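Please read the following alongside the sequence and the coordinates, taking one chain at a time. The paragraphs begin with a charged surface region and then turn to the other chains.

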Amino acid sequence: MTDLTPPVPTAPALGAGRTSIIRMIVRDPLALTGLIVLLLMVLVAVFADLLAPWDPLKPELALVNAPPGTPDHPLGGDGAGRDILSRLIFGSRLTLLSAALAVGVSVVIGVPSGLIAGYTGRKFDAVASWVSDVVLSVPNKVVLLAVIAAFGPSVLITMTAFGVLLAPNLYRLVRSQTIAVKNELYIAAARVSGLSDTRIIARHVLYVVRAPVIIQSANLAGIAIIVQSGLEFLGLGDPGQATWGSMIGNAFAVLYLAPTAMIWPGVAIGVTVAALVLVGNGLRDAVQGTSGRAPRRRHRRAAAVAVPASETASAAPVAVSDGPGELVLEVRSLRVGYPHGETTSVVVDDVSLAIRRGEVLGLVGESGSGKTQTAFAILGLLPRGGEVLAGSILVNGTDVVRLAERERRRLLGRAISYIPQEPMSNLDPAFRIGQQLVEPMMTRGLRRAAATKRAFELLAEVGIVDPKRTFDAYPHQISGGMAQRVLIANAISGDPELLIADEPTTALDVTVQAEVLALLRRLQQQRRMAVLLVTHNLGVVADLCDSVAVMQNGRIVEVAPVTELFGNPRHDYTRKLLGSTLDDTDARPAYREPDAAPQEARA
Amino acid sequence: MIAFALRRLLFGLSLILFATTATFFLVYRDASLVTRNILGEGATQADLDARAAAMGLDRPILVQFLDWLGGAVTGDFGQSYFSTESVASILVSRVPVTLSIVAVGVLVSALVSAVLGILAAVRGGVIDRIVQVLSVIGMALPNFWVALMLVVVFAVTWRLLPATGYVSPAQSVSGWLASITLPVIALAVASIAAATQQVRGAMIDVLDTDYIRTLRASGVRERSILFRHALKNAASPALTVLSLQFIGLFGGAIVIEKVFALPGLGTTAVNATLQGDVPVLLGVVAVTVVIVVAVNLLIDLANGWVNPKVTLR
Amino acid sequence: MTTKFAQRGAVLAIAAAVALAGCSTGTPAPEDTGAADTEVVSAGTLTIGARVDNNSFDPANLEIGNRVQYWQPVYDTLIRLDAEGQPQPNLATEWSYNDDGTVLTLQLRDDVTFSDGEAFDGESVKANIEHIKAGTGQNRFMVEAIEEVVVSSPTEVELRLSEPVPPLVSYLGWVAGVQASPAALESGTIGDAPVGSGPYLYDAAGSVRGTEYIYTKNPDYWNADDFPYEEVIVRPINDVTALVNALKTGQVDAALLTPQVAGEVEAAGITVNTLSVAWVGWLLADRNGTVVPELADVRVRQAINHAFDREAMVTAIMSGYGEPTSQVFNTASQAYDAELDEYYTYDPERAKELMEEAGVDGFTITAPEWSGPWTNLFPILKDQLAEIGITLEYVTIPPDQAVAQALSGDYPTVFFPLASASAWQDIQTWVAPDAPWNMLGATDAELDQLIEEAQYAQGDEQEEAFQEVGTWLVENAWFAPLFRQDQVFGTNAETTVTMQAQNAVPSLWQFRPAAD
């Protein structure tokens, strides 16, 4: 039972990869810069007494509005004749402290309340969410004005209040994350195994929300610094304190006498906020992998063998049957990888296969063996960062790898079509089913009326009883089996010569699986399509395929006609696969098993 | 749908009640502080008391609050402590100013951030880097600094646009546009920067979904994938951001209105707070909350349109 | 000698302090100017940028200082004060006191009508004074001593006083002399819809409150020659930077600025007009030593006076827009003595000697500190006092509470900018035993005697008496004044103005289009 590919719950995986996150930030030059700047700022704040050449509070009339470059006072003097450089250095202390105070308060309020609301729900959730909505609905500067009016202009009071006002941001974040995590199976498992709620929250949930909270806190700290300077600008600051904000307020008062005085605290604020944002962004990118630079975690499920991109291909079995009929698809020595920096994770290596008209080739292998990557490579729809590194893919004799992007796209939905694995996630949730069937047909030149008529026919053809209702439905309104039929209807709407079906039945109930398989078989035979059937299920293979290619670690290890492979498996791995299937004929249950726990994903 | 509207109405009302009550008791001060600010440093305690009595400030605080509440229910928000103007008339003249810059600001921010965010998400690479860097800069610049720079360059040096003031669109549409252009830019910069990041993130998430791959595999044109499918799906999180932006811009307007001397809600709020002009501040809070609730309602409706899974409850 | 009246009178102080403290009193203007296009206002229009918004047009609530800019166009006054602050005929053509100074008789013009058609006469004078007296406004004190207004004929009235009020005639040039239509006074709407006999008519329909107040020429005004503009517009803009920008781009023709922006606007071709109205410095309120015993010793108070480098402060903080001084009275005041300006020099050594003589070895005083125009001066003051061994501890207060806190009596010393008006008023406001700014009620028999002499003296004798009061105050160091602050009033190339003595901003009749 090794072939389980549970959806990776982002956060635990990320928690596990903590060091790799730090490594990613370090690798991200912008985030690294931000981190270094922040560290420097903190150091300056800590060692202000040593660094500052003068007392930041000591005024000297001769130094009032002194320009930069004044002897001994490189940045000049402020409106009260205090050394600007020294104030800047000391200002970092109170500025960073007050930002930390605001963030600290909002974390202390927002995180526990978000955890409780998300985890226990019920009354606390209702009340806390209402309060959060209330606080978020009132512009926070207006509230701060009132707080200043009531309690005076002390920086610490103002920033504490601001922390309270920021708390809903964290509350909302933590609450939604907690709700999402709560429904994860491993939490359910933890609960079943008798862990107390507090321990679950402390051990698992907190673990998950940690990264998003840090990211959000970095942004909130930046906002706090900006807001503080804004209040100073409005003249609501604390005149006795040296913060960058009060320096801006002070400089604004003498804007025309010492225009440069505004620059220094402005730059300090800008640089610090930018550094916070950069670190926050870097963390976010590391967590979500949205940066395009960092490879997405999902790819790494494919057994990533880090090899130098230059490694040469070796001989491997070629999946070409010698039956009649012209070759619809021929893949030669395909290599697919995800380059990052110096190294490349190769997920498909030296794969060759071929399918003739009317033939069904099964591509089997366990999770991460590279079979889906192979299918995506043929479609030309590799996930972000993926590349065909070597080899060729011939569709009806044309090497599509060498085609221009646009030309290649034109093949999709026409010569080649695709049936995905998870029916529900493969329909656009924002559009009605009908629109999603009609649009591709209209792209192929049909008028709307004709496309609509055809869509009804197709829906009927794939066995949907009430095509009209399905046509008008949104994806979330239909069942998984129905959705898969819709996707099949969509796939055949362009009369493709080659159909790529990626685990077309795995996500379905057992009873529906059989129906969908029967439907596929019927359509394939009627239309004499060439089919590449990606699956781990040898039962499905036996049912549909003419021949089989077995993949392991990105390579094809054995190719044979179905009967031969089942009768006389040659490769060890094939035998192992067959063995596990015989032990348990229902090779892949339709539901996700509870023990598909994160440990699996972390492995 | 009706239940939804009712619930929203109830939430709005409870919000207004909560916000105004909190404001009242937070900002409420001793009558002599108010009257001192009205009558100045020469007034005696007897003068202050006489004025307080004339204004009804000598009554118990709770009575004053209930009195205000009773009036507010019937649309009478009372009168400013410091001028003869009724709060209602102050609000009527100030709301359009702030709404002009905030609404146009949100609109500009939505459009620009959509374009930049999509560009960064789709093109990636150098363009993505540039957009990212720009947005970081945009977030790091205090908006009053941006505003001051805009005035110096476009109003004082080049004389292209007015440095201060507001012109009602009823008076002159071109004048109105001219008067809000710089404030809107100053206001929108930070919000564009933040929203661009959001749009970019949402677009990247959407573009990585299975259904986008399937749409591509079905031969749907890239243009349609980006602007019909991806944008509509990314719109839902973006709209949530938009509603927060709207509230945030109300706060930003306070600073911007000062730089451009715009007679809006922000200026009114600052002055009222500083003077302890409780009736005006309550009016500002109430009207702000009403606007925010209304905008959130609109955004929820829009969300229901872009996201069929949302049922308005 | 203390009278009920003596408690009153910070009139002009308020006026200028608004401009100076920027935060102490008055409604900061909801900032706006209106005009979007940068068109330069035509020669026929005078546009004034005001630092505070209007509060009311009700004569009972009118203010002086910045807010005269709103009511002077619509309301005429009985007396007109010239640039030096001397009374000149206006609606009242002649005036005279009886022997003991308790009855003021006024002769009135007979050719004036209010804009609602009603005639101006003795009855309207009576109605207006009584209206102000019945109200609770800031300037009610101006008419408080008027016990009765007797209308002898349509063109003659007698104001009967409970006691002599030396500056009463001046008051009639300000709010006490404002004439609104009696019918309008009773209408209840005068706060929003002024009806006067002034040179201009308020265009309520065209004006937007808080944004733009428009006044059009009154075709029936009796003295049109003094008001050359076809139209006057007043725009409240309370942020100085915004005001500078409005002035530079021609959105306004004239505006009250601050010393800190004077250099900037001058470089942009704006004329800077100056006049000193206020003194800035310390009220050593605990001069009797009730809270801080050390302050009771005159040598300690003198030491404090010697601690401050006034010249350097004026140069550094005020950009030179001010004059160092040791006295609190303005230069036009009867109590002013030019020689007293330099009585206390910057001399920390002398200060330390004085402290030593007094047997004082360092002590602590507290004072309020707030965010505002003086933010930069506070740390310097603290530093200079520290030099002579006095620890100054600030209590940070919200800016809007500056006046209330300063007057609360909680502080032995208070730093404040205070506008100086007539000598009598100033004494009633700052010095008299129950003056509001004598927060801890300090008294001195010798001083009281000098004040009483001044109240009942007339002419040159009165001036001498007032100067004696001034000298006494300086020698006894009741205050530690630092400098007189210049009002900085900017006018563009199309406009000229003459400053108005003892007020924060010039009166409307002081504006003229620049000769080409």
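**A walk through chains C, B and A**

In chain C, the helices α15 (445-456) and α16 (459-475) each contribute at least two residues to a patch of negative charge, and it should be kept in mind throughout that the model is a predicted one. The patch lies on the surface and brings together E452(C), E453(C), D460(C), E461(C), E463(C), E464(C) and E468(C). Of the contributing elements, α16(C) gives the most, with 5 residues. E452(C), for its part, belongs to helix α15 of chain C, and its relative accessibility of 34% is the reason why it counts as partly exposed, since that class covers the values between the buried limit of 20% and the exposed limit of 50%.

The chain that carries this patch has a secondary structure of 16 helices and 21 strands. Taken along the principal axes, the box filled by the C-alpha atoms of chain C is roughly 70 × 55 × 40 Å. A compact globule of 516 residues would have a radius of gyration near 24 Å, and because chain C has 23 Å, its value agrees with that expectation. As for burial, 66% of the 516 residues of chain C count as buried.

Chain B has a secondary structure of another kind to describe, with 12 helices and 0 strands, so that its pattern, when read along the sequence, is α-α-α-α-α-α-α-α-α-α-α-α. Its C-alpha atoms fill a box of roughly 85 × 55 × 35 Å along the principal axes, and 60% of the 313 residues in chain B are buried.

In chain A, attention can go to a surface patch that is nonpolar rather than charged, with an area of about 780 Å². The residues that make it are I36(A), L40(A), V42(A), L43(A), V46(A), F47(A), L50(A) and L51(A). Two elements of chain A, α3 (29-46) and α4, give two or more residues each to this nonpolar patch, and α3(A) gives the most, with 5 residues. One of the patch members, I36(A), is placed in helix α3 of chain A, and it is classed as partly exposed because its relative accessible area is 46%.

What is the class of L144(A), buried or exposed? This residue lies in helix α7 of chain A, which spans residues 140-151, and it counts as buried because its relative accessibility is 0%. The C-alpha atom of L144(A) is separated by 52 Å from that of G434(A), a residue 290 positions apart from it along the chain.

Two loop residues of chain A deserve a look at their backbone angles. N65(A) is found in the loop between α4 (48-51) and α5 (84-120) of chain A, and it has a positive phi of about 55 degrees although it is not a glycine. N65(A) counts as buried because its relative accessibility is 15%, which falls under the 20% limit for that class. The other residue, D495(A), sits in the loop between α19 (480-492) and β9 (498-502) of chain A, and its phi is near 45 degrees, again a positive value in a residue other than glycine.

Methods
Residues are numbered from 1 along each chain as its sequence is written. Chains are lettered from A and ligands numbered from 1 in the order in which they are written. This is a predicted model: local features need pLDDT of at least 70, side-chain atom pairs count only at pLDDT 80 or more; totals for chains, interfaces and linings use all residues. Side-chain values use heavy atoms; hydrogens and water are left out. Patches are made of residues with over 30% relative accessible area and no salt bridge: like charges are joined within 9 Å, nonpolar side chains (Val, Leu, Ile, Met, Phe, Trp, Tyr) within 5 Å. Accessible areas come from the Shrake-Rupley method with a 1.4 Å probe; for residues, only the protein chains shown count as cover. A salt bridge is a side-chain nitrogen of Lys or Arg within 4 Å of a carboxyl oxygen of Asp or Glu. Lys and Arg count as positive and Asp and Glu as negative; His and the chain ends are not counted. The place of a charge is taken as NZ of Lys, CZ of Arg, CG of Asp or CD of Glu. Helices (H or I, at least four residues) and strands (E, at least two) are DSSP runs, numbered from the N terminus. Buried means under 20% relative accessible area, exposed over 50%, partly exposed in between (1.4 Å probe, protein chains only). The radius of gyration is taken over C-alpha atoms; the globule rule is 2.2 Å times the number of residues to the power 0.38.
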